[in-house]
Amino acid sequence: MTQMVTAPPQDRATREGEGPAAGAGGAAEALLGSARAAEELGLTRGELARAVQLGIVRAGPQTAGGAPRFARAELARVRAADSGRPDALRRQVETVAGAQAAAEALGVGPSRFTRLARCGHLTPVGYRINRYRAVVWLYLTAELREFADREPGMLRGTAPAEDRELIAAKGDLRPRTWRGRHVGLLLRRTADPWARAAVLACVLPEEELRGAVPDAAERIVLAALAPPPPYGHPQVPAAAAVAEGLLRAGPPDEVHWYRTSLEFALTGARGQSKSTGERGPT
């Protein structure tokens, strides 16, 4: 396996989430921790995390402990994009939790909203696990309003035949559509072949991953590059166990899609390692 280069020691300011980083011209550029960056953008830390997840705000190099940091130039870019509307960014990341609140934002009853979401017409952006270990899905308020404007016919009248069949079969596409969105957002944030392969690998059940990646050394590399759990993932073991089930592909065709995508990504990653020796097994 190609030897990984360790990062140089960091000073105290950098370890605490604020410190210098080399800019494009080699000059040091101040990096801010999440709390300070959120304050400068007029967001809560949770809203900032959602903005990063959606690719609206780009995080800079992490601290040694994995905490995100943000360049002042990036914060300035985001503020400029708001075009003088101080609430524009907040509106982009605003979420509602659960069927009742989401139905109110959409302008329909909770039962119709639940049917639309379970049948894949609306895609969650996140989740919470409540004290009863039930999944509470989060939706972007802006997307709900856009859907209402775009698909007024879906908000009234009889459900399509395919929706009725799915509901009768007790189907629920919310975990699958959320995974697709989550993986897509992660892939957009990196061009590194091994990191992209790691994103796909983390969605596969363990037995499928071993089948797709029989080389234990490669699996170690993929595990080391795996993205952290999404924002809102619980820390309490009982709730975390429920959430873990959301992170893995379930239906056979979904598993097949991710496995095939991983095998394709690994072909490119292995080729990079052979040609450059930058990362991963050779």
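This is a short tour of a predicted model, moving from the whole chain to a helix pair and then to its empty spaces.

Residues are numbered from 1 along each chain as its sequence is written. Because the model is predicted, local features need pLDDT of at least 70 and side-chain atom pairs count only at pLDDT 80 or more, while totals for chains, interfaces and linings use all residues, and side-chain values use heavy atoms, with hydrogens and water left out.

**The whole chain**

Begin with the full chain, whose secondary structure comes to 15 helices and 6 strands (DSSP runs numbered from the N terminus, helices being H or I with at least four residues and strands E with at least two). Of its 282 residues, 40% count as buried, where buried means under 20% relative accessible area with a 1.4 Å probe and protein chains only.

**Helix 10 and helix 14**

Next, select residues 174-188, which form helix 10, together with residues 237-247, which form helix 14; they pack at an angle of about 70°, with their axes 9 Å apart. Helix 10 and helix 14 are therefore roughly perpendicular to each other, a label for angles of 65 to 115 degrees. Show the side chains of Pro175, Trp178 and Arg179 from helix 10 and of Gly245, Leu246 and Leu247 from helix 14, which make the contact (heavy atoms within 4.5 Å).

Now centre the view on Arg179, which lies in helix 10 and counts as buried because its relative accessibility is 6%. Leaving aside residues up to four places away in sequence, Arg179 touches several residues, including Val203, Gly245, Glu254 and Tyr258.

**The cavity and the largest pocket**

Turn next to the empty spaces, which are found on a 1 Å grid over the protein atoms alone: a cavity is a set of points where a 1.4 Å probe fits but cannot get out, a pocket is an open set with protein on both sides within 12 Å along at least five of seven lines, and lining residues have an atom within 4 Å of a point.

Which residues line the largest cavity? Select Arg50, Gln53, Val125, Gly126, Tyr127, Trp178, His182, Pro230 and Tyr231 to see its lining; helix 3 (45-53), strand 5 (126-129) and helix 10 each supply at least two residues of it.

Finally, find the largest pocket by selecting Gln62, Gly66, Arg189, Pro227 and Pro228, which lie nearest its centre among the 39 residues of its lining. Helix 3 gives the most to this lining of the largest pocket, with 5 residues.

Definitions and conventions: Axes fitted to C-alpha atoms, helices over the stretch in contact; angles between N-to-C directions. Parallel < 35°, antiparallel > 145°, perpendicular 65-115°, else oblique. Buried < 20%, exposed > 50% of the residue type's maximum accessible area, 1.4 Å probe, protein only.
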